[in-house]
Amino acid sequence: MDRWHAMKVFVRVADGGGFAEAARQLGMSAPAVTRAIAALETQIGARLFIRTTRAVKLTEAGSRYLLDCRRILADIDEAEAAAAGSFVTPSGTLTVSASVMFGRMFVLPILGQYLQRNPAVTGRALLLDRITHIVDEGIDVAVRIAHLPDSGLRAIGVGSVRRVVCASPAYFARHGIPTRPEALAGHTVIAATSAWTSLDWRFGRDSTIGVKVSPRLSCNSNEAVISAVLEGWGLTRLLSYQVAPLLADGRLQVVLSEFEEPPLPVHVVHSEGRNAAAKVRSFIDFAVAKLRADPLIN
């Protein structure tokens with residue numbers, strides 16, 4: 001079996017979490033998939049998977065190799081697409097990345113509309129509450145909420161969001177409204193534990209006011225934090241888009257707005273320039289227009 005096809009089988013096993021599922025998706029027999037992985041491991045000289053009766057997991061070498069395989073296969077797809085003219089007509093697999101909640105609220109609807117307009121394109125949404133590596137993870141387009149460092153990536157600004165302190169009116173009725181950041185020490189704090197969440201809350205136009213909060217409740221998702229805050233268990237600090245509908249209908253209330261930091265910019269980020277495939281260029285144009293028109297981030 002040629003190395004290119006073996007890599008495709010390996011990636012499908014890794015993505016599907018098992019040999020049987022990969023065989024089904026590829027239209028191969030399970031023994032043929034097993035032989036392909038065994039031959040690849042022999043060629044490489046390292047085990048790629050740990051097999052148990054319950055699961056198939058990547059080894060450390062397999063995890064590193066998976067990133068390389070994704071990049072190599074993407075390069076091959078791009079070369080074939082270029083030869084077939086897909087730099088003119090959008091086609092192929094488009095991988096888009098965003099944080100979980102932003103992706104669910106904004107990116108998935110945009111990606112769905114884009115796919116309806118471009119039937120030759122297949123979408124892949126990678127929604128993760130961590131910083132993704134565009135090149136290493138085979139991502140075509142990412143949406144990031146942050147002040148971006150200098151890099152070789154290209155970024156297009158589409159809006160901004162604020163960090164807001166909020167709680168339910170019922171909570172403030174029982175515990176009072178904090179009028180200065182320092183007053184948060186006397187309140188029950190609920191916080192998310194995502195990769196970029198800090199318990200050192202900064203305030204002020206120059207971020208010079210710092211308050212170290214001690215959450216009474218920590219949750220591993222923003223949705224869980226919002227649910228707890230709606231129940232009146234405490235206050236939290238989230239990005240404005242995450243609670244905008246709840247603020248609009250009065251179920252949550254913002255405080256300390258005069259002490260907020262400057263807004264965080266929202267960017268559409270990609271790694272390619274004019275030579276980007278049509279699927280990337282057309283999706284960026286479509287997504288930028290949609291995001292810039294959305295009042296929740298503008």
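Begin by selecting F10, F19, F49 and Y65, whose rings are linked by ring pairs into a cluster. The model on display is a predicted one.

**The first helices**

From the cluster, keep F19 selected and add the rest of helix α2, which covers residues 19-26. Next, show helix α3, residues 30-44. The axes of α2 and α3 come within 8 Å and cross at roughly 110 degrees. This angle makes α2 roughly perpendicular to α3. To view the meeting surface, select F19, A22 and A23 on the α2 side, together with A30, V33, T34 and I37 on the α3 side.

Remain on helix α3 and select E41, which is found in this helix. Is E41 buried or exposed? With a relative accessibility of 14%, E41 counts as buried. Its contacts, leaving aside neighbours within four places in sequence, are A46, R47, L48, F49 and R51. One of these, F49, also belongs to the ring cluster where the tour began.

**The five-stranded sheet**

Now display the strands β4, β3, β5, β14 and β6, which form an open sheet in that order with mixed pairing. Which strands stand at the edges of this sheet? They are β4 (121-127) and β6 (154-161); each has a single partner strand, so one side of each is left without a neighbour in the sheet. From one strand to the next, the twist averages 20 degrees.

Within the sheet, select β5 (residues 141-145) and β14 (residues 264-270), which run antiparallel and are joined by 5 bridges. At I145, look across to V266 in β14, which stands opposite.

**Helix α5 and its rings**

Add helix α5, residues 100-117, which lies across β3 (92-98), β4, β5 and β14. The direction of α5 is at about 180 degrees to that of β4.

On this helix, select F102 and F106, which are 4 residues apart, about one turn of the helix. How many aromatic pairs does the model contain? The count comes to 9. F102 and F106 form a stacked pair, with 4.4 Å centre to centre and 25 degrees between the planes. Both F102 and F106 are buried.

Y114 and F283 offer another ring pair to inspect. Their ring centres are 5.3 Å apart and their planes stand at 85 degrees, so this pair is edge-to-face. Y114 lies in helix α5 and F283 in helix α9 (residues 278-292), so the pair ties together parts that are 169 residues apart in sequence. Y114 is buried, at a relative accessible area of 2%. F283 also counts as buried, at 2% relative accessibility.

**The three-stranded sheet**

Move next to the strands β12, β7 and β13, which form an open sheet in that order with antiparallel pairing. The edges are β12 (236-239) and β13 (253-255); each has a single partner strand, so one side of each lacks a neighbour in the sheet. Neighbouring strands here are turned by 50 degrees against each other on average, direction ignored.

Select β7 (residues 163-167) together with β12: the two run antiparallel and are joined by 4 bridges. In this pair, R163 stands opposite L239 in β12.

Two helices may now be added. Helix α7 (residues 222-230) lies across β7 and β12, running at about 135 degrees to β12. Helix α8 (residues 240-248) packs on the sheet, where α8 touches β7, β12 and β13. The direction of α8 makes about 105 degrees with that of β12.

While this region is in view, select R237 and F203. R237 lies over the face of F203, at 5.4 Å from the ring centre.

**The last stop: W233**

Finally, select W233, in the loop between α7 and β12. Is W233 buried or exposed? W233 has a relative accessible area of 53% and is therefore exposed. Not counting residues up to four places away in sequence, W233 touches Y171, T188, I190, L217 and A228. To conclude, select G17 as well: W233 and G17 are 216 residues apart in sequence and 39 Å apart in space, C-alpha to C-alpha.

Methods:
Residues numbered from 1 in each chain as written. Predicted model: local features only at pLDDT ≥ 70, side-chain atom pairs only at ≥ 80, totals over all residues. Heavy atoms only, no water. Buried < 20%, exposed > 50% of the residue type's maximum accessible area, 1.4 Å probe, protein only. Contact = heavy atoms within 4.5 Å. Pairing = 2+ DSSP bridges. Axes fitted to C-alpha atoms, helices over the stretch in contact; angles between N-to-C directions. Phe/Tyr/Trp six-rings, centres within 6.5 Å; stacked < 30°, edge-to-face > 60°. Lys NZ or Arg CZ within 6 Å of the ring centre and 35° of its normal. Parallel < 35°, antiparallel > 145°, perpendicular 65-115°, else oblique.
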